[in-house]
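Colleague: Could you take me through one part of this model closely? I would like a connected account of a single helix and its surroundings.

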Amino acid sequence: MKHIFEKVWELALPYQDKRDDRGHAEVTFNYAKRLAKLEEGNKEIILPAIILHDIGWSQLPKEKRFVIFNENATKEEKLAVRYKHQDEGVMIAKKILKKVNYPLTSSHEILEIISQHDTRNGFISKSEGLVRNADKLWRFSKTGFKADVMRNGFTSEFIYEGLKKQIKLPNFLYPGIAKQIAYQELELRKEEFSNTRNLNK
């Protein structure tokens, strides 16, 4: 099965990291592998789903991809582009899964996860929850944290405090070890930006 994951990865590669988020696909994939192992999750669902979850952004014009980061955009405008990238992602993912002859039942579940990974309220399964956890943990990673700081022009302290509050929100993370990982990563980010600030004094 490992070989088929590599095929899915190669076919998805041209569609990845299209929102000034270089490394997103790789970072979230590594989190997904870690979570699947620690939580005894179904890798046959979780890994292809995380590889394919954001490929739909590649089909949106560049200005649309960044609407969700625009403070002046309405809630409806932001939601519309989230739905659009999910719909586009499902269409591309369906073709990729078919091309590698992925099992049909598993493909249906993977596509269902992708279809609402950014918009669904609550969680429909453990596999879906772990995929969405891996996606959210991107923001706590060194690469993701730095991307947020650079993209939004906020201070590291501001991003840190915002993420700390998000962890506590109901249904932000699927129950399990992801919350612990998020806190651990966040403290590493704090240590990093504190050290940098001290060096610049």
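Modeller: Happy to; here is helix α5, followed by the chain around it. This is a predicted model, in which local features need pLDDT of at least 70 and side-chain atom pairs count only at pLDDT 80 or more, while totals for chains, interfaces and linings use all residues. Numbering starts from 1 along each chain as its sequence is written, and side-chain values use heavy atoms, with hydrogens and water left out.

Helix α5 covers residues 75-99, 25 residues in all, and reaches 36 Å from first C-alpha to last, close to the 36 Å expected at 1.5 Å a residue (that is, 1.5 Å times one less than the number of residues). Helices here are DSSP runs of H or I with at least four residues, strands are runs of E with at least two, and both are numbered from the N terminus.

The buried residues of α5 are Val81, His85, Gln86, Glu88, Gly89, Val90, Ile92, Ala93, Ile96 and Leu97; buried means under 20% relative accessible area, with a 1.4 Å probe and protein chains only. An α-helix has 3.6 residues a turn, so residues three or four places apart point the same way. The cover over the buried residues of α5 includes α1 (2-12), α3 (43-52), α4 (62-65) and α6 (104-115). After α5 comes Asn101, with a positive phi near 60°.

As for the setting, the chain has 10 helices and 0 strands, and 48% of its 201 residues count as buried. Its C-alpha trace spans about 55 × 40 × 30 Å along the principal axes.

Conventions. Buried means under 20% relative accessible area, exposed over 50%, partly exposed in between (1.4 Å probe, protein chains only). Contact means heavy atoms within 4.5 Å.
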